[in-house]
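Open the model in your viewer and have the selection box ready. We will walk through it stop by stop, picking out a few elements at a time.

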Amino acid sequence: MTYLLAGDLGGTKTLLRLVRSTSPAKVEFQQSYQSREHSSLVSIVQQFLAAAQTQLGLEIAIENACFGIAGAVIDRASYLPNLDWHISADKIEQELQIPHVKLINDFVAIGNGVAQLHPEDIHTIQAGQPRINAPKAVIGAGTGLGQGFLIYDGTDYQVIAAEGGHTDYAARSIQEFELFQYICQHKQIDRVSNERVVSGPGIVTIYQYLRDTSNLSETPEVAHVVRLWEAQAEQSVDPTGLISALAIAKTDPLSQATMQMFVSAYGAESGNLALKILPYGGLYLAGGIAAKNLSLLTEGTFLTAFNHKGRVSDLLSKIPVHVILNPQVGLMGAMAQAGKLGISD
């Protein structure tokens, strides 16, 4: 029995899925792993295949495999700075005896997955005026800030990888300029990328900035978690979820101010991407942060920043904006690529 293997590899977790290569495709086994608990993608796949073989009671032969990688893919290889991993398709083929392995950027995987989404998989926050076969764009804050876009070639959409999360962060107010200076000072850097602000770690950075420069006081609960995160005493601690949860509940003014500043920056950068692509086919927000903070994204701050582009603001108001609710969209896109016969590089 031969199978297709798909993976969605991020800085926080890795999702793997095993599907029969026969038609119709059937998901046989799926598992999630904490990326930082492993030394390489190969070790995760080895553990996954052993578990799948035990559960299915069959010898498993992988025909094609495709992995969405949270990093740039060059010459069939990728380096993940958030994990300090070097990944090579050639090495995976050799070590795991898989005939065809393809690496794609994680937002190329998400872009390929967009076409497979159902109406219940998205939440529209701006209806806009969609156009048939117009470009589409994807953006998502998570461990980093991923971006990509889709162009219709007359037959189908082609997904293009981008590294827009590493472009320069542009302050839009005195407060944001002070945030820029704060990051430079505390990170000991002289350049700030959008990813430093619009990401999970960026939420904590904004919290630290407001904590240290405003008159808003900390709650003991958040203070404890942030201190552990700052000391790196506990790698599993992530203050992001707690900060956003308290902001949604409106029980902690500092967390509320943090998320409002974050959502505004997220909207502004999404608008920047939209201006460059003009995705009248839709701009899609991917990643767990968007889905988990849907109420914050729909209360107005995001769209105000998204559409606030001076003389060309009217262009942005016509672009449909959707939040992807299905957390496995990247896995779906990677599997679609793995399923193509004669998978190529």
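**First stop: strand β1 and its partners**

Select residues 2-9, strand β1, which is mostly covered: seven of its eight residues are buried. Keep in mind as you look around that this is a predicted model.

Now add residues 13-20, which form strand β2. β1 and β2 pair in the antiparallel sense, over seven bridges, and a hairpin of three residues takes the chain from β1 to β2. To see one of these pairings, show glycine 7 and look across to β2, where leucine 16 is its bridge partner.

Next, bring in residues 61-69, strand β4. Here the pairing with β1 is parallel and runs over eight bridges. Which residue of β4 stands opposite leucine 5? Colour alanine 65 and you have found it.

**Second stop: a six-stranded sheet**

Hide those strands and turn to an open sheet of six strands with mixed pairing. Reading across it, the order is β9-β14-β13-β10-β11-β12. The edges are β9 (122-126) and β12 (157-162), each of which pairs on one side only. Look along the sheet for its twist: neighbouring strands are turned by 25 degrees against each other on average, ignoring direction.

Helix α3 is worth adding to this view: select residues 106-114 and you will see the helix packing on the sheet. α3 touches β10, β11, β12, β13 (283-285) and β14 (321-324). Compared with β12, the direction of α3 makes an angle of about 155 degrees.

For a closer look inside the sheet, select β10 (residues 136-141) and β11 (residues 145-152). These two strands run antiparallel and are joined by six bridges. Lysine 136 is a handy marker, as it stands opposite leucine 150 in β11.

**Last stop: two helices that cross**

Finally, select residues 200-213 for helix α5 and residues 220-231 for helix α6. How are two packed helices described? By the angle between their axes and the distance between the axes. For α5 and α6 the angle is about 115 degrees and the axes are 12 Å apart, so the two helices are roughly perpendicular to each other. Their crossing is left-handed.

Show side chains at the contact next: α5 contributes Val204, Tyr207, Gln208 and Arg211, while α6 brings Val222, Ala223, Val226, Arg227, Trp229 and Glu230. Colour them by class and you should count six nonpolar, one polar and three charged residues.

Technical notes:
Residues are numbered from 1 along each chain as its sequence is written. This is a predicted model: local features need pLDDT of at least 70, side-chain atom pairs count only at pLDDT 80 or more; totals for chains, interfaces and linings use all residues. Side-chain values use heavy atoms; hydrogens and water are left out. Axes are lines fitted to C-alpha atoms, for helices over the stretch in contact, and angles run from 0 to 180 degrees between N-to-C directions. Helices (H or I, at least four residues) and strands (E, at least two) are DSSP runs, numbered from the N terminus. Angles under 35 degrees count as roughly parallel, over 145 as roughly antiparallel, 65 to 115 as roughly perpendicular and the rest as oblique. A crossing is left-handed if the near helix is turned anticlockwise from the far one by less than a right angle, and right-handed if clockwise. Contact means heavy atoms within 4.5 Å. Ala, Val, Leu, Ile, Met, Phe, Trp, Tyr, Cys and Pro count as nonpolar, Asp, Glu, Lys and Arg as charged, and the others, Gly among them, as polar. Two strands pair if DSSP finds at least two bridges between them. Buried means under 20% relative accessible area, exposed over 50%, partly exposed in between (1.4 Å probe, protein chains only).
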